[in-house]
Amino acid sequence: MDVRVGDTILARKQHPCGSKSFSVLRVGMDFRIKCDVCGREVMLPRAKIEKNIKKLMRDGEEVPIR
């Protein structure tokens with residue numbers, strides 16, 4: 001999956017604050033994502049992130065997910 005720093009992820013499950021939108025801050029074996037509503041940063045393994053992605057947005061446009 002082609003996820004880059006600066007992309008926005010719309011997740012299947014929501015954050016406890018109610019948001020489903022996250023910004024990607026770091027990519028590698030672990031991802032660092034930031035909640036777009038409350039600003040909380042979380043590091044999660046790549047497998048968990050890739051399984052939980054519903055939509056991937058880059059520059060305001062949806063990117064197809066394989």
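**Exercise 1. The partners of strand β1**

Task: In the predicted model, determine which residue of β5 stands opposite A11, and then establish which strands pair with β1.

Solution.
Step 1. The residue facing A11 is I53, which belongs to β5.
Step 2. A second contact between these strands is found at I9, whose bridge partner in β5 is L56. In total, four bridges connect β1 (residues 8-11) with β5, and the pairing is antiparallel.
Step 3. Strand β2 (residues 21-26) also pairs with β1 in the antiparallel sense, here over three bridges. Within this pairing, L10 has S21 of β2 opposite.
Step 4. β1 is thus paired with β5 and with β2.

**Exercise 2. The two faces of strand β1**

Task: State which residues of β1 are buried and to which face they point.

Solution.
Step 1. The side chains of β1 alternate along the strand.
Step 2. I9 and A11 point to one face and are buried, whereas T8 and L10 point to the other face and are not buried.
Step 3. These results may be joined to the pairing: the buried residue I9 has L56 as its bridge partner, and the buried residue A11 stands opposite I53.

**Exercise 3. The order of the sheet**

Task: Give the order of the strands in the open sheet, and explain why one side of β4 and of β6 is left without a neighbour.

Solution.
Step 1. The sheet is open, contains six strands and follows the order β4-β3-β2-β1-β5-β6, with antiparallel pairing.
Step 2. β4 (41-45) and β6 (61-63) occupy the edges; each has a single partner strand, and therefore one side of each has no neighbour in the sheet.
Step 3. From one strand to the next, the twist averages 40°.
Step 4. As general background, strands of a sheet pair through backbone hydrogen bonds, in either a parallel or an antiparallel manner.

**Exercise 4. The hairpin of β5 and β6**

Task: Describe how β5 is joined to β6, and identify which residue between these strands takes a positive phi.

Solution.
Step 1. Strand β5 (residues 53-58) runs antiparallel to β6, and three bridges join the two.
Step 2. Across this pairing, V63 of β6 is opposite L56, and E62 of β6 is opposite M57.
Step 3. The hairpin has two residues between its strands, and D59 takes a positive phi near 55°. Such a positive value occurs here in a residue other than glycine.
Step 4. D59 lies in the loop between β5 and β6. Its relative accessibility is 77%, over the 50% cut-off, so D59 counts as exposed.

**Exercise 5. The chain as a whole**

Task: Determine how many helices and strands the chain contains, and assess why the chain may be called as compact as a globular protein of its length.

Solution.
Step 1. The secondary structure consists of one helix and six strands, arranged along the sequence in the pattern β-β-β-β-α-β-β.
Step 2. The radius of gyration is 11 Å, close to the 11 Å given by the globule rule for 66 residues; the chain is therefore as compact as a globular protein of that length.
Step 3. The C-alpha trace spans about 30 × 25 × 20 Å along its principal axes.
Step 4. Of the 66 residues, 26% count as buried.

**Exercise 6. Residues distant in sequence**

Task: Classify A47 and I65 by accessibility, and give how far apart in space A47 and M29 are.

Solution.
Step 1. A47 lies in helix α1 and counts as exposed because its relative accessibility is 59%.
Step 2. A47 and M29 are 18 residues apart along the chain, while their C-alpha atoms are separated by 8.5 Å.
Step 3. I65 is located in the segment after β6; at 34% relative accessibility, I65 counts as partly exposed.
Step 4. I65 and I53 are 12 residues apart in sequence, with 8.7 Å between their C-alpha atoms. I53 is the residue that stands opposite A11.

**Exercise 7. The largest pocket**

Task: Establish which element gives the most to the lining of the largest pocket, and of what kinds the lining residues are.

Solution.
Step 1. The largest pocket holds about 330 Å³ of space.
Step 2. Its lining comprises 14 residues; A11, K13, L44, K48 and N52 lie nearest the centre.
Step 3. At least two lining residues come from each of β1, β4 and α1 (46-52). α1 gives the most, with four residues.
Step 4. By kind, the lining divides into eight nonpolar, three polar and three charged residues.

Note on methods. Residues numbered from 1 in each chain as written. Predicted model: local features only at pLDDT ≥ 70, side-chain atom pairs only at ≥ 80, totals over all residues. Heavy atoms only, no water. Pairing = 2+ DSSP bridges. Axes fitted to C-alpha atoms, helices over the stretch in contact; angles between N-to-C directions. 1 Å grid on protein atoms, 1.4 Å probe; cavity = no way out; pocket = protein on both sides within 12 Å on 5 of 7 lines; lining within 4 Å. Points joined across faces, edges and corners; volume = space filled by probe spheres on them. Nonpolar A, V, L, I, M, F, W, Y, C, P; charged D, E, K, R; others polar. Rg over C-alpha atoms; globule rule 2.2 N^0.38 Å. Buried < 20%, exposed > 50% of the residue type's maximum accessible area, 1.4 Å probe, protein only.
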